[in-house]
Structures are given as C-alpha cells and as structure tokens.
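This report looks at one helix, the loop that leads into it, and the surroundings of a bound ligand. Please keep the sequence and the structure at hand while reading.

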Amino acid sequence: MIKSEFLKLSILLLIGGLLACDPDPKLSDKALIPLPEKVQAQDGVFTIDENTKIYIDRSELEDVAQFFSKFINHSTGFNIQVVTEKPEGDYIALGLGLDVPKEGYELDVRPDGISIKGATPEGIFRGFQTLRQLMPSAIEKVGGFEGGAWKVPGVKIEDAPEYGYRGSMLDVARHFFGVEDVKRYIDLMSLYKMNYLHLHLADDQGWRIEIKSWPMLTEIGGSTAVGGGEGGFYTQEDYMEIVEYAQERFITIVPEIDMPGHTNAALASYPELNCNGEAPELYTGTEVGFSTLCTDKEITYQFIDDVVKELVGLTPGPYIHIGGDESHVTPLEDYIPFIEQVQDIVNSYDKKVIGWDEIAHAALRPSATAQYWAKAENAKMAVDQGAKVLISPATRAYLDMQYDSTTQLGLHWAAYIELDSAYLWDPATLEEGIDKGDILGVEAPLWTETISTMEELEYMVFPRLIGIAEIAWTKPALRDWDDYKSRLIKHEERMKALEVNYYSSPLLKQEE
Ligand code: TNX
C-alpha cells in the first residue's frame, strides 16, 4: 500500500516535472529563415492537437491544405482533417483574396486560431513554411512526437519576396543523383521558400534525360560519370515524377542541356553531331571546354529541335536553359549564330531561354536571361541588350566552392566561401550597372565533379543555401550577418531533426 502510494506520488511528480519542462515557446527562441518582412509578437500560444482542423472556404486551396495536414499528421501522429465548413473548435484557416504579391502572405497566430492568407495557393504555401519554423523542430521528423505539445507562439507576420526567382542548380551530369535524392533536395529547398530548381542534365561526362527520338544519348551517353562510375539517367517517367513533386511544393524545374560545348556525351552517342563525324571516347575526367557540337551541320539543329521539343513536353515551367558556357573550341563567329538559332528554336515552343553569361555575345531575344556566374562584362552586355540577369556569382553563390583550405570536397578556383562570405552580399549592388530592375533573381549552383553522394552534397550545400535563400527573399535593409548567424545557430536543431549533413562552421560556435 505504502509502496503504491509512493509510486503514485512519483508519477505525479514526474508528470509535474514534464509539464514544467514544457513552458510556452517564445517567439525569440524561433529562427525564421528567410527573415520575413514584418514580424510582430502577440500574446499567448496556439496549441495544435488532434482536434485541430484546417479550414478552407475555397476548393483552390484543397491541395495546399491536404499537403499541410499530411505534413503535420506525419510527425504528430494526429489525424488533422481539412474541412470546408467553419469548425466549432480551434482551427487553422487558409484564405485567399489578400491584395499581396503572388507569393506574399499574412500569418496570424493567436491562442484561438491560426490564419494564413494570401493572393494565391503559392503564397499560402510559403506562409506555411514560416508556420513550420514556428513549430517545434520535432515536426521535421516522421513520428517526431515525443510528448509535450505542439505549441506555436503568438505572432503576426506580413511577408513577400524580394525576387521572383530564388533557385538552386544541381549538376546531375558529372555525377548522377536519382529521383529520391532530387526529391529530398526539393523538400529541403521548399523549407526556405525557394521556387526554382535548375537541373544540369547534360555535360561531357553524362547525358541524363531520356530523349525518345535519340535513344543513344542515354544508352551510351548516360552510361558513365566523373571517375568512371556507372552514371544513370532519368526516364521521362522519372523526370515527370520530379517535375510533379516539385510542383506540389511550388517549385519549377528548369532543365538545362548545355551546348554547344560540354557535349562530349552527346558526341560519343551520335558521331554525326561531331564535325569530323567520329565518335569521341566517353569522358570521365574533369577538364572543361574541349567539346563542341558541329555548328554548321543541319543535323545539329534537327537534333536540338527534337531534344527541345521533348523537353518542352516535360516542362510546365517557362524556361529552358541552353548552357552556352566555356565553349572554348567553338570559334566566336560560329558560337554567335548558334546561340541565336537555338534561342529561336526554344522560343518557337513558347519557352524562354536562360543561358550562362557568355550567351550575351550573341543577340539576345527579348525574353532571354543571362546567368551571371563569371564575367560581369558579359552580364552587363546582356543588360545593355535589355535582357534580364540571373545572379549566381561563383565567388559567392557556388556551392561547390570549398569553405576553407581544409575542406575535403569541392573546388576553389573561384574562392573559398565561408558562411559569412556566402551571406554578406547583395545582388542589386554586386556589380555596377546591374540594378534591381535588371535582375530576375538569384541561383546557387552545385557542380558535382567532386560530389557523388547525398551526404557529400548536403555538406557542401548546407547551410550556405539557406543564406542564399535569405538574400533572394528578404529585403536588403532587413538583413544583418550577426542577426542571421544567431538565427542559423538556433536553426541547427531543425537541420539535425531533418538529418541534414550540414557543415558545422566554426562561425556557428563563436556565440553564447
Ligand atoms: C565552371 S559555371 C563551369 C562548370 C564547372 C564549374 C566548377 C559554369 C557555367 N561552368 O562546368 O562544373 O566551373 O566549379
């Protein structure tokens, strides 16, 4: 008897202790990245429990609402439902009709309810990412419920992005990354409100997308990788799976076929594309600039038309990327008409062209965008022609650059890029003559000559991509390195919950 009383008392004390350990979360303990435009703390907390509903009053919000309920249910084990009639108890309301930009939103968290409003489902989706960062990090784990409550601190947030294109690029040509890896990358990007994923689908070392009218591209050209590994490719079915997965997260895939250089894999597959008609050996090294499509053969343009046509069939987004970089063995007098003709092919399928900054040597079509990676003078030539620029400076935004001289993976031809260097710049003031109005947005590319696994990929990408995401989303006047750094330190817990193999920079340890 005495023993059982003691047991009861201990259990009560234990529960009391647990409750005391679960104080209301404070807004100041949360890390919002990218930082929203206006954040105003409000009293109280909202508690998500098994009775919480997601309330929508329009069918356009059904998909986005289902996405959230699934997300929350996965980690909490709740069975939160989407309802179209105003519920009795507390709920999360999603609503349209707000007069804000396409991706803008307002998030209001009060003790008796949460609302996310916007102008489009996309805006609501971005707002949900903010709400997600206000929830305990355990929300990131499937079955993450470890006791305690899913409390969200009271807050009113108004937010909208600085740039409409906030992206990353994955080089799946040097080393191939399969569908599941790309999906994980898309998931991670979406947490930081990124909206474009550029896939570098063909290079000297590999052709990674099935083209039904030119089947040897993948059969031969897809069969290897840097270092001589087995390579791989996406069937069109696989690729659509990626496109649709991205679409559900309001991320647009931009396919790139690099040309006229970086084409050894294509030339090895179809020797008629080569000026001498001979197939070169498959290439597994890391040199650049030695290959070119034959720019004065008719078949080259038939080939490009066929490839672009099939790609367009897989591309709901507006852009096709034509590469155009480092074509060192294509004489400029051949390069220029080539780029002009390829732009016309892409435009004939109602898609817009993006190309690396060298394409500005050619006459750019009005809808073209030059991706600034190396030469500011190329980017300025593009601006002078009235084209837009996508900002990806190798010295700041290249995710394959080493953090410092001790980094084992990656390259350092452009720079060593520590977290502060990746964060402390602004697209609109980076180069004189390239102003806010000239800029489509910001993209951080990951080249994979030295990277072949997801673990390695995550190490190079995180947390630098997060800083780039903030540069692209948050107004420059609101950005501050020390403030960002302290948010990133708080955010480490969430990356751990996501099992991201991030680079634990010494800069993240200086504080406290
Ligand atoms: C330059 S960036 C390249 C790529 C390499 C990269 C390595 C660009 C347009 N071309 O072919 O992979 O450097 O950092």
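Which residue takes a positive phi just after helix 15? In this predicted model, that residue is glutamate 499, whose phi is about 55°.

**Helix 15**

Helix 15 covers residues 481–497, and its 17 residues reach 24 Å from the first C-alpha to the last, which is close to the 24 Å expected at 1.5 Å a residue. The helix nevertheless has a kink of about 35°, and the centre of that kink is lysine 490. At the N-terminal end, helix 15 is capped by aspartate 480, with a side-chain oxygen of this residue lying 3.3 Å from the backbone nitrogen of aspartate 482.

Because 12 of its 17 residues are buried, helix 15 is largely enclosed by the rest of the structure. Among the buried residues are Trp481, Tyr484 and Lys485, and further along the helix His491, Glu492, Arg494, Met495 and Ala497 are buried as well. The partners against which the buried residues of helix 15 pack are helix 3 (121–134), helix 4 (179–191), helix 12 (419–423) and helix 14 (464–473).

**The loop before helix 15**

Leucine 478 belongs to the loop that lies between helix 14 and helix 15. Its relative accessibility is 33%, and since this value falls between the limits of 20% and 50%, leucine 478 counts as partly exposed. When neighbours within four places in sequence are left aside, leucine 478 is in contact with Leu35, Pro36 and Glu37. Cysteine 294, by comparison, is separated from leucine 478 by 184 residues in sequence and by 50 Å in space, taken from C-alpha to C-alpha.

**The ligand**

The ligand is surrounded by 14 residues, of which the closest are Arg174, Tyr398, Asp400, Trp413 and Glu449. The table sets out polar side-chain atoms of three residues together with their distances to atoms of the ligand.

| Residue | Ligand atom | Distance |
|---|---|---|
| Glutamate 326 | nitrogen | 3.2 Å |
| Tryptophan 413 | oxygen | 2.7 Å |
| Glutamate 449 | oxygen | 2.6 Å |

Taken alone, the ligand exposes 370 Å², and 97% of that area is buried by the protein. Tryptophan 413 and glutamate 449, which appear in the table, are also listed among the closest residues around the ligand.

Key. Residues are numbered from 1 along each chain as its sequence is written. This is a predicted model: local features need pLDDT of at least 70, side-chain atom pairs count only at pLDDT 80 or more; totals for chains, interfaces and linings use all residues. Side-chain values use heavy atoms; hydrogens and water are left out. Helices (H or I, at least four residues) and strands (E, at least two) are DSSP runs, numbered from the N terminus. The expected span of a helix is 1.5 Å times one less than its number of residues. The bend at a residue is the angle between axes fitted to the seven residues ending there and the seven starting there. Buried means under 20% relative accessible area, exposed over 50%, partly exposed in between (1.4 Å probe, protein chains only). Contact means heavy atoms within 4.5 Å. A polar contact is a pair of N or O atoms within 3.5 Å; within protein, one must be able to donate a hydrogen and the other to accept it, and residues adjacent in sequence count only if both atoms are side-chain atoms. A residue is near a molecule or strand if one of its heavy atoms lies within 4 Å of it. Accessible areas come from the Shrake-Rupley method with a 1.4 Å probe; for residues, only the protein chains shown count as cover.
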